[in-house]
Amino acid sequence: MLSTQLDATFSALADPTRRAILARLALGEASVMELAAPFAMSQPAISKHLKVLEKAGLVSRGRDAQRRPVKALAEPLAEATKWMETYRETLEMNFSRLDDLLEELKAEDAAKTARKTPKGETQ
Amino acid sequence: MNTGKLTVTTPSDREIVVTRVLNAPKKMVFQCLTTPKLLQRWMLGPPGWTMPVCEFEAKAGGMFRYVWRNADGVDMGMSGTIVEFSPYDRIVHTETFDADTSGGRTEVTSDFIEANGQTTLAMTIVYGSKEARDGAMASGMTGGMEMGYERLDALLGELA
C-alpha cells in the first residue's frame, strides 16, 4: 500500500543521522567505513541506520563482498516529496484564505470604529 | 503583505508542530478558528472542496463536526471534543476522521501568541497511536500531518 511505503520512508527520514547519511550518499556511493567517518558513531551503529534506510527502500547495498558500497535510491523520496508538497500546499491554501479573511475583518472593524468616532473627535 | 511562511517540525515520533504567522490580533484569529461561519470561508482544503457541515461548540467539553465535500460528491468528515477553551490564548481538542476506523484519537493544541499586532498560531498535533496516524494518512486531504519533516526539503534539495 502506498501509505505503508510512505510511512516507512518518513520513519526512516525522522532521524538526523539517517538524513545526513542520505545527504552524503547524494554525492555518490560510499562504504560503511566512509559513511561512519564524519559521525561520532561506531560502524555497527551506522550499519543499524543503513538497515532502516535499506528496509525503507531508500538505499541499496552493492554486491562487492569486501566493500558493499551503499547507494541512494531516489524513487521513494520522490514519492514522499510529492505527498508532502500536497500536504503543505493544502495547509498553505487554507492559511492564505485565512489571511484574506483577516484583512476583510480588519477593514470591517476599521469602518465600524470610523463610524463610532467621527473625524476630529477624540476618544 | 507576506507575514511569514508555514513551518512544520517534528519534535518527536508522535508529535507534529505547525506554525504560521498571521497579520492580525489574536482575538480575531481565535474567532476565525472557532466561528463556523468564518471557518467555512477558509478551512476548505484543496481547490474544488467545500465545507457543507461546520459545527463548533465554543466551550470546554463542546463538540465539533466538520464535513468536506468534493466536486464528485465525496464526503470526508471529522469530529471531536473541545478539551480546553481559553479565549484568546489556547484551544485543545481531540479529533478523529470518519475514515479512521482504528478508534485512535489525535489531540491538537492550538496556541495563539500575539506580538506587535501579529499572531503566531502554533498547532501541536499528537497522535495517540501509530494506527491513528496511519488512519489520518489514509484519509487523504488532511492526511499526512507527519509529512513535514524538518529539514526534509533541504535534504531533498541536496539529493535532487
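Me: A residue is called buried if 20 or more other C-beta atoms lie within 10 Å of its own, exposed if 12 or fewer, and partly exposed in between, with C-beta atoms placed from the backbone. What makes N116(B) count as exposed?

Reply: N116(B) has 5 C-beta neighbours inside 10 Å, so it counts as exposed. Bear in mind that this is a predicted model, where local features need pLDDT of at least 70, side-chain atom pairs need pLDDT 80 or more, and totals for chains, interfaces and linings use all residues. As for names, residues are numbered from 1 along each chain as its sequence is written, while chains are lettered from A and ligands numbered from 1 in the order written.

Me: Where does N116(B) sit, and what is notable about its phi?

Reply: N116(B) is in the loop between β7 (106-115) and β8 (118-127) of chain B. Its phi is positive, about 50°, even though N116(B) is not a glycine. That loop belongs to the hairpin of β7(B) and β8(B), with two residues between the strands.

Me: How do you know that β7(B) and β8(B) pair?

Reply: Strands pair if DSSP finds at least two bridges between them. β7(B) and β8(B) have 10 bridges, in the antiparallel sense, and count as paired. For a spot to look at, T106(B) stands opposite Y127(B) in β8(B).

Me: Which strand besides β7(B) is joined to β8(B), and by how many bridges?

Reply: β2 (residues 15-22) of chain B is joined to β8(B) by eight bridges, and the two run antiparallel. Here I16(B) has I125(B) as its bridge partner in β8(B).

Me: What goes into calling something a strand or helix, and how many of each does chain B have?

Reply: Both are DSSP runs, numbered from the N terminus: helices are H or I over at least four residues, strands E over at least two. On that basis chain B has four helices and eight strands, in the order β-β-α-α-β-β-β-β-β-β-α-α. Of its 160 residues, 29% count as buried.

Me: Which peptide bond in chain B is cis, and where is Y88(B)?

Reply: The bond joining P87(B) and Y88(B) is cis, with omega about -5°. Y88(B) is in the loop between β5 (75-86) and β6 (90-97) of chain B.

Me: Over to chain A: what does its secondary structure come to?

Reply: Chain A has five helices and two strands, following the pattern α-α-α-α-β-β-α. Buried residues make up 26% of its 123 residues.

Me: Why are the buried residues of α2(A) said to be on the same side?

Reply: The buried residues of α2 (residues 16-25) of chain A are R18(A), R19(A), I21(A), L22(A) and L25(A). They cover an arc of only 155° around the axis, so they are on the same side of α2(A). The arc is taken over directions from the helix axis to the C-beta atoms.

Me: What makes α2(A) roughly perpendicular to α4(A)?

Reply: The axes of α2(A) and α4 (residues 43-55) of chain A come within 10 Å and cross at roughly 75°. That makes α2(A) roughly perpendicular to α4(A), since 65 to 115 degrees gets that label, with under 35 roughly parallel, over 145 roughly antiparallel and the rest oblique. The axes are lines fitted to C-alpha atoms, for helices over the stretch in contact, with angles from 0 to 180 degrees between N-to-C directions.

Me: Which residues of α2(A) and α4(A) meet?

Reply: T17(A), R18(A) and I21(A) in α2(A) meet H49(A), V52(A) and L53(A) in α4(A). Contact takes C-beta atoms, placed from the backbone, within 7 Å.

Conventions. Contact = placed C-beta atoms within 7 Å.
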